[in-house]
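Visitor: I am new to this structure and would love a close look at a single part. Could you take me to the second largest pocket and then show me what lies around it?

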Amino acid sequence: GGDNAMSALAAGAVQDGTMVMSLGTSGTLFGCSSTPVVDKSGVICPFCDATGAYLPLICTLNCTEVGEDVRKSAGLSHAEITALAAAEEAGCSGLNYLPYLRGERTPNWPQASGALVGIRHDMIGKWGLLYRAALEGVTYSLLAGVNQMKAFGVSKVSELRLVGGGAKNALWGEIIASCFGVPVTVVEEAETAAMGAALQAAAMLKLGAAGEGEGGAKGMKAFMAAHGPPPGKTIQPVAGDAKLYQAAFERHEKLGGKLLDD
C-alpha cells in the first residue's frame, strides 16, 4: 500500500468512523470506509486501504505553513505564540483567515490567495489572534472536506487520529476536536507510514494465505488491534466552544464562496 494507507494502519484507523488527519506542509484527511467513494469532481481521492476496504482521502495545499508564516512574522517561539493564541476566544472574535496562500485544491481554487476578513480595531497587532485564526482557517478547510465525504456516504466520523508536525501543537488539537465534535488522539509514533508498512509485513507473515479476501481483512484488523502502537494522548472537544466554531465555519464557507468562486 501507499504511504497514507500505511499511516492509517499504524494510526489504528482500520474501521469505519476512525479517520486520520495529517498536519504537514499539506493537510490530509483519510480513513477506512467499508464502501467505495466515487466523486466525479475529483475532490475525494478514491484509494483502497490495507485491510481490503477503501480509503477516501482529501488533501489541502495549505496547512502548517499558514500558522508558521504568522509565527515567523511575530518573531515568537512556538510556545510563546501558542500561549497567546490560547488566550483568545474560539472563533477569533469574528476574524476569519482564508488560508489559501498557495492556491488550493480542496476546494479547487488554484488561483486563490489568502485573505483576512473581519478585521476590527486593534486586531492587527494581536499575534495570538492572527495565529489562532490561521489554525482555525486550516481546520475549517479540512472540516469542509470531511463534510463532502459524508455527502458521498462515508460513515460519520467518531474519532480522529492526529499525525504530522502540526500534531505537536496541543492547542491545534483542541481546536480540531471542538470543530469536528469528536475526540482527537495524538499518535505517538512519528513515522506512521514506515510503522504501518512494518506492521503490514508482520501481519502477512502471521496470517499467510489467509491474509487475502474478506477473512484476511478481519484478520488484519484483529492483528492491528493486538499489535498496533499505543494510540497516545486523547483530546476531548470543548462543548462550550461548539457554537462559536460553527458560526466561524459557516462564515469561512460563505466568505470563500463569495470571494473565490468563479
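Guide: The second largest pocket holds about 200 Å³ of space, and the model you are looking at is a predicted one. Its lining is made of 15 residues, and those nearest the centre are Thr106, Pro107, Trp109, Ala144 and Glu253. Two elements each give two or more residues to this lining: helix H4, residues 127–151, and helix H8, residues 242–260. The largest share comes from H4, which supplies five residues. Sorted by class, the lining of this second largest pocket has six nonpolar, seven polar and two charged residues.

Let us stay for a moment with two of the central residues. Threonine 106 and proline 107 are joined by a cis peptide bond, with omega at about 5°. If you want to find proline 107 along the chain, look in the loop between strand E5 (96–98) and strand E6 (115–117).

Now follow H4 away from the pocket, to the helices it meets. In general, two packed helices are described by the angle between their axes and the distance between the axes. Take helix H2, residues 64–74: its axis and that of H4 come within 8 Å and cross at roughly 170°. With that angle, H2 is therefore roughly antiparallel to H4. On the H2 side, the residues that meet H4 are Val66, Gly67, Val70, Arg71, Ser73 and Ala74, and their counterparts in H4 are Trp127, Leu130, Tyr131, Ala134 and Val138. By class, this contact of H2 with H4 has eight nonpolar residues, two polar and one charged.

Helix H3, residues 78–86, meets H4 too: their axes come within 7 Å and cross at roughly 85°. That crossing angle is why H3 counts as roughly perpendicular to H4. Here H3 brings Ile81, Thr82, Leu84, Ala85 and Ala86, while H4 brings Trp127, Gly128, Tyr131 and Arg132. The residues of the contact of H3 with H4 divide into six nonpolar, two polar and one charged. You may recognise Trp127 and Tyr131 of H4, which also appear in the contact with H2.

Moving on from H3, you reach the loop between H3 and E5, where cysteine 92 is found. Cysteine 92 has a phi near 60°, which is a positive value in a residue other than glycine.

From the helices, turn to the sheet. Seven strands form an open sheet with mixed pairing, in the order E3-E4-E2-E1-E7-E8-E9. Its edge strands are E3 and strand E9, residues 234–235, each pairing on one side only. At one edge, E3 (residues 45–48) pairs with E4 (residues 54–60) in the antiparallel sense over four bridges. Within that pair, cysteine 48 stands opposite tyrosine 54 of E4. The hairpin of E3 and E4 has five residues between the strands, and glycine 52 there takes a positive phi near 100°. At the other edge, strand E8 (residues 184–186) and E9 pair in the antiparallel sense over two bridges. The bridge partner of threonine 185 is threonine 234, in E9.

To finish, here is the largest pocket, for comparison with the one you asked about. The largest pocket has a volume of about 300 Å³. It is lined by 20 residues, and Val163, Gly164, Glu189, Ala190 and Thr192 lie nearest its centre. Strands of the sheet take part here: strand E2 (27–31) and strand E7 (159–163), along with helix H1 (3–11) and helix H6 (192–207), each supply at least two residues of its lining. H1 gives the most, with three residues. By class, the lining of the largest pocket has eight nonpolar, seven polar and five charged residues.

How values were computed:
Residues numbered from 1 in each chain as written. Predicted model: local features only at pLDDT ≥ 70, side-chain atom pairs only at ≥ 80, totals over all residues. Heavy atoms only, no water. 1 Å grid on protein atoms, 1.4 Å probe; cavity = no way out; pocket = protein on both sides within 12 Å on 5 of 7 lines; lining within 4 Å. Points joined across faces, edges and corners; volume = space filled by probe spheres on them. Nonpolar A, V, L, I, M, F, W, Y, C, P; charged D, E, K, R; others polar. Axes fitted to C-alpha atoms, helices over the stretch in contact; angles between N-to-C directions. Parallel < 35°, antiparallel > 145°, perpendicular 65-115°, else oblique. Contact = heavy atoms within 4.5 Å. Pairing = 2+ DSSP bridges.
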